[in-house]
Amino acid sequence: MNIPYTSTARPDTGLYNAKLGIWLFLASEVMLFGALFSTYILLRVNAVSWPHGYEILNVPLATLNTVVLISSSVTMVMAWASLMMKKFDKYKMYMGLTILLALVFLVVKYFEYSAKFEHHLYPSTNTFLAIYFTVTALHGLHIVGGVIVNAYLWGPGSKMWKTDPQRFTNRVEIAGLYWHFVDLVWIFLFPVLYLL
């Protein structure tokens, strides 16, 4: 079955359907995280006293995770570029690296959470930690979602490369746009929660 505009751009928007869909989805995600950021700022501005993230959180681990996540965005771009250059083996390598880096991020986050719990720091401890756990856990769920999609495109989903390479390349581009959004959210989270 041939679904219109899954491989080629629509004449009215200049985008193929999936790309239009992901931009609408990302707009809703911007509203979600924007509401959380706004809430954080309003609570902090109106608080009599507020803890500094660098006094409670592990800045070196968060810095490492920032480097890991930015690196994964680079490998994601390289995966898509490899498909554009018809180099499927390189695509597999770069997409595999993207998945690996995402898993490294989650493992580092696991150690960070574990250290907080060992020191009896929970979401119920104070408002700052409630926001910290809420926002970083939500971001972590987005990472898990990205890992699932990317693992599918790396594994069983990559069979489409043989039958419909343009559509498969489009799918990887869509997954890449989502991944860059997840990366961008972390780039905002890191200074707001850890450094200020």
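Which residues does Asn 150 touch, not counting residues up to four places away in sequence? In this predicted model, the partners of Asn 150 are Met 76, Met 95, Thr 98, Ile 99, Ala 175 and Trp 179. Asn 150 itself belongs to helix 5. Its relative accessibility is 2%, so Asn 150 counts as buried. One of its partners, Ala 175, also appears in the lining of the largest pocket.

The protein chain contains 7 helices and 0 strands. Along the sequence the pattern reads α-α-α-α-α-α-α. The C-alpha atoms fill a box of roughly 60 × 35 × 20 Å along the principal axes. Of the 196 residues in the protein chain, 39% are buried. Among contacts with a separation of 6 or more, 76% join residues 24 or more positions apart.

Leu 138 offers a second view of helix 5, which spans residues 127-154. Here the relative accessibility is 21%, and Leu 138 is therefore classed as partly exposed. The cut-off for buried is under 20%. Beyond its neighbours within four places in sequence, Leu 138 is in contact with Leu 32, Phe 33 and Leu 36. Leu 138 and Phe 33 lie 105 residues apart along the chain, yet their C-alpha atoms are separated by 9.2 Å. Leu 36 recurs in the lining of the largest cavity.

Aromatic side chains were examined next. The count comes to 20 aromatic pairs. In one of them, the rings of Tyr 132 and Phe 133 have centres 5.0 Å apart and planes at 70°, so this pair is edge-to-face. The angle qualifies because edge-to-face requires planes over 60 degrees apart. Both partners are buried: Tyr 132 has a relative accessibility of 0%, and Phe 133 has a relative accessible area of 6%. Tyr 132 and Phe 133 also belong to a cluster linked by ring pairs. The other members of this cluster are Phe 105, Tyr 113, Phe 117, Tyr 122, Trp 186, Phe 190 and Tyr 194. A charge is placed over an aromatic ring elsewhere in the chain. The charged end of Lys 92 sits over the ring of Trp 154, 4.6 Å from the ring centre.

Empty space was then considered. The structure holds 1 cavity of 30 Å³ or more. The volume of the largest cavity is about 30 Å³. Its lining consists of Leu 36, Phe 37, Tyr 40, Ile 131, Val 135, Leu 189, Val 192 and Leu 193. Helix 1 (17-46), helix 5 and helix 7 (165-195) each supply at least two residues of this lining. By class, the cavity lining has 8 nonpolar residues, no polar residues and no charged residues.

The largest pocket has a volume of about 160 Å³. Helix 5 and helix 7 are the elements that give two or more residues to its lining. Helix 7 contributes the largest share, 5 residues. The residues lining the pocket are Ala 18, Val 149, Tyr 152, Leu 153, Asn 170, Arg 171, Ile 174, Ala 175 and Tyr 178. These divide into 7 nonpolar, 1 polar and 1 charged. The cavity lining, in contrast, has no polar and no charged residues.

Two loop residues carry positive phi values without being glycine. Lys 86 has phi near 60°. Lys 86 is placed in the loop between helix 3 (59-84) and helix 4 (88-118). With a relative accessible area of 59%, Lys 86 is exposed. His 120 also has a positive phi, about 60°, although it is not a glycine. His 120 occupies the loop between helix 4 and helix 5. Its relative accessibility is 58%, so His 120 counts as exposed.

Helix 5 recurs through these results. Asn 150 lies in this helix, and so does Leu 138. Helix 5 supplies at least two residues to the lining of the largest cavity and gives two or more to the lining of the largest pocket.

How values were computed:
Residues are numbered from 1 along each chain as its sequence is written. This is a predicted model: local features need pLDDT of at least 70, side-chain atom pairs count only at pLDDT 80 or more; totals for chains, interfaces and linings use all residues. Side-chain values use heavy atoms; hydrogens and water are left out. Helices (H or I, at least four residues) and strands (E, at least two) are DSSP runs, numbered from the N terminus. Buried means under 20% relative accessible area, exposed over 50%, partly exposed in between (1.4 Å probe, protein chains only). Contact means heavy atoms within 4.5 Å. Rings of Phe, Tyr and Trp (its six-membered ring) pair if their centres lie within 6.5 Å; planes under 30 degrees apart count as stacked, over 60 as edge-to-face and the rest as tilted. A charge sits over a ring if NZ of Lys or CZ of Arg is within 6 Å of the ring centre and within 35 degrees of the ring normal. On a 1 Å grid over the protein atoms alone, a cavity is a set of points where a 1.4 Å probe fits but cannot get out, and a pocket is an open set with protein on both sides within 12 Å along at least five of seven lines; lining residues have an atom within 4 Å of a point. Grid points are joined across faces, edges and corners, and a volume is the space filled by probe spheres set on the points. Ala, Val, Leu, Ile, Met, Phe, Trp, Tyr, Cys and Pro count as nonpolar, Asp, Glu, Lys and Arg as charged, and the others, Gly among them, as polar.
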